[in-house]
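Student: I've got a model open and I'd like to learn how to read its pockets, cavities, salt bridges and surface patches. Can you walk me through them?

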Amino acid sequence: MKRQLKWAFSSLFILMPFIMHGHQEDNFELSNEGYYISEFVVHTNVDGKIDADYLGWFFNTTSLKFHQKHSFNLSLLFTHGGQPTSRSVGDLQYFTNIEVGLLYGLNEMYYKYESDVAWFKIGQQDINMDFMFTENGLLFNHSSFGIDPGTTLNLPAPTAPYVSLSLTGKVTMANIDFKIGVFDGQYAEERGSLLPVSWRLKKSEGLIYIIEPEFTWLKKQVTTKIGALYHSGNFQNKNSGNTEKGLLSFHSISDFNFYQHDDRSYHLFYQINSSHKEVSDIDFYLGLGLRMEQPFKWAYQHELGFAMGHAHINSEKPITDMSFNVKSETALETTFKVSVSNWFAVQPYFQYIVFNEKETDLKEPKILGLRAHLNF
């Protein structure tokens, strides 16, 4: 499978100039968009002391669409700023989803074919762009509401800022979107601050297989995803310390629009992930949230949200137990986003991180942040 995937991807880029040759100029459409997120945060650390950080994330995407159903897509990424979770806060799940330090380079790079009922993509992709996300969770700043920590901490998942060689697709049948993907088992790690392009597949690193049917029901008010992910690489058994092949996890994600009147709407979401205990550090995750659009009578577009993310550590296993100071962690966030214009928005937020400690006397972090969004 690895050899065929690599061969298919290479052949595609060799053949594309011939496929494109002879098309009229009006068959091509070039688009470009970018955004910049900046964030200033004040937070306490595990000693109870107050600290501050400034972070930023620039993302640019260029798409060349041709012959209506085909496109090439290329993304560039530049990030900067502190790493408060890694340096001082000490939370397990990362309280801000733009904390990666100084990095730059190519991000996603893929070919896409899309029809009315299906699409497929081949190239360098981020698994979280098409899988394992909740639409309503995208409002929040905490990283777990984008993709659950059971996936990002148990295995090398290719999610921002990291990507990997992959083949993905979706077919729509009635009210079901059936999505499937195969990803390189190890994303391309940074070289210094550079995000490199790496399409080399290694047998020892395995592959990630994911399947995720998405159901729309209750008069299109509810969307539910039920998925399974399997990583075929080598993992450490948390009891014996021996190497064991394969990690399997299951997840369910749902968005529920339970109130709609004019521009005002209220939405609920949940995320659940359960992972194979023998080789997992995080064996269970639960996320819950409420997102409200236009809750107040303001002229500006605005959103108010409350969310909770609970990660349970597999502390029953001795190796995992020795690696963590807590048995579980619960992140609480409230946030308020105001769109001042169609290109600029501000978003203050507050988080409180609750530790279920073992023996240590950790101070539970409190975070106050102000995020700015610029689209261009």
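Tutor: Sure, and keep in mind that this is a predicted model. Let's begin with a pocket: S11 gives the most to the lining of the second largest pocket, with 3 residues.

Student: Which strands each supply at least two residues of that lining?

Tutor: They are strand S7 (176–184), strand S10 (222–236) and strand S11 (243–261). The second largest pocket itself has a volume of about 240 Å³. Its lining has 17 residues, and Phe133, Glu135, Lys179, Glu214 and Lys225 are the closest to the centre.

Student: How do the residues of the lining of the second largest pocket divide into nonpolar, polar and charged?

Tutor: You get 4 nonpolar, 5 polar and 8 charged. Two names from the centre come back in another feature: Lys179 and Glu214 are linked with Glu212 in a network of salt bridges.

Student: Next, cavities. How do I tell one from a pocket?

Tutor: A pocket is an open set of points, while in a cavity a 1.4 Å probe fits but cannot get out. Here there is 1 cavity of 30 Å³ or more, and the volume of the largest cavity is about 30 Å³.

Student: Which residues line the largest cavity?

Tutor: Look for Asp148, His251, Ser252, Ile253, Gln271 and Ile272. Two elements give two or more residues to this lining, S11 and strand S12 (264–275). S11 gives the most here too, with 3 residues. By type, the lining splits into 2 nonpolar, 3 polar and 1 charged.

Student: Let's go back to salt bridges. How many does a search of the whole structure find?

Tutor: The search turns up 12 salt bridges. A pair counts when a side-chain nitrogen of Lys or Arg is within 4 Å of a carboxyl oxygen of Asp or Glu. Take Lys112 and Glu114, whose closest N and O atoms are 3.6 Å apart.

Student: Are those two partners buried or exposed, or in between?

Tutor: Buried means under 20% relative accessible area, so Lys112 at 19% makes the cut. Glu114 counts as partly exposed, at 40%.

Student: Where else could I practise that reading?

Tutor: Try Lys277 with Asp283, where the closest N and O atoms are 3.7 Å apart. In this pair Lys277 is partly exposed at 34% relative accessible area, whereas Asp283 is buried at 5%.

Then find Lys317 and Glu278, whose side chains meet in a salt bridge at 3.0 Å, N to O. Lys317 sits in the loop between strand S14 (301–313) and helix H4 (318–323), and Glu278 in the loop between S12 and strand S13 (282–293), so the pair ties together parts that are 39 residues apart in sequence. Lys317 is buried, with a relative accessible area of 11%, and Glu278 is partly exposed at 23%.

Student: Last one: which residues form the nonpolar patch on the surface?

Tutor: For a patch, you pick residues with over 30% relative accessible area and no salt bridge, then join nonpolar side chains within 5 Å. In this model, Phe40, Val42, Ile50, Tyr54, Phe350 and Leu368 form such a patch, with about 600 Å² of accessible area together.

Student: Which strands each supply at least two residues of the patch?

Tutor: Strand S1 (28–44) and strand S2 (50–66) do. Phe40 is a good one to click on: it lies in strand S1, and its relative accessibility of 44% makes it partly exposed.

How values were computed:
Residues numbered from 1 in each chain as written. Predicted model: local features only at pLDDT ≥ 70, side-chain atom pairs only at ≥ 80, totals over all residues. Heavy atoms only, no water. Patch = residues over 30% accessible without salt bridge, like charges linked within 9 Å, V, L, I, M, F, W, Y side chains within 5 Å. Areas by Shrake-Rupley, 256 points an atom, 1.4 Å probe, with all protein chains shown as cover. Helix = DSSP H or I, 4+ residues; strand = E, 2+ residues; numbered from the N terminus. Buried < 20%, exposed > 50% of the residue type's maximum accessible area, 1.4 Å probe, protein only. 1 Å grid on protein atoms, 1.4 Å probe; cavity = no way out; pocket = protein on both sides within 12 Å on 5 of 7 lines; lining within 4 Å. Points joined across faces, edges and corners; volume = space filled by probe spheres on them. Nonpolar A, V, L, I, M, F, W, Y, C, P; charged D, E, K, R; others polar.
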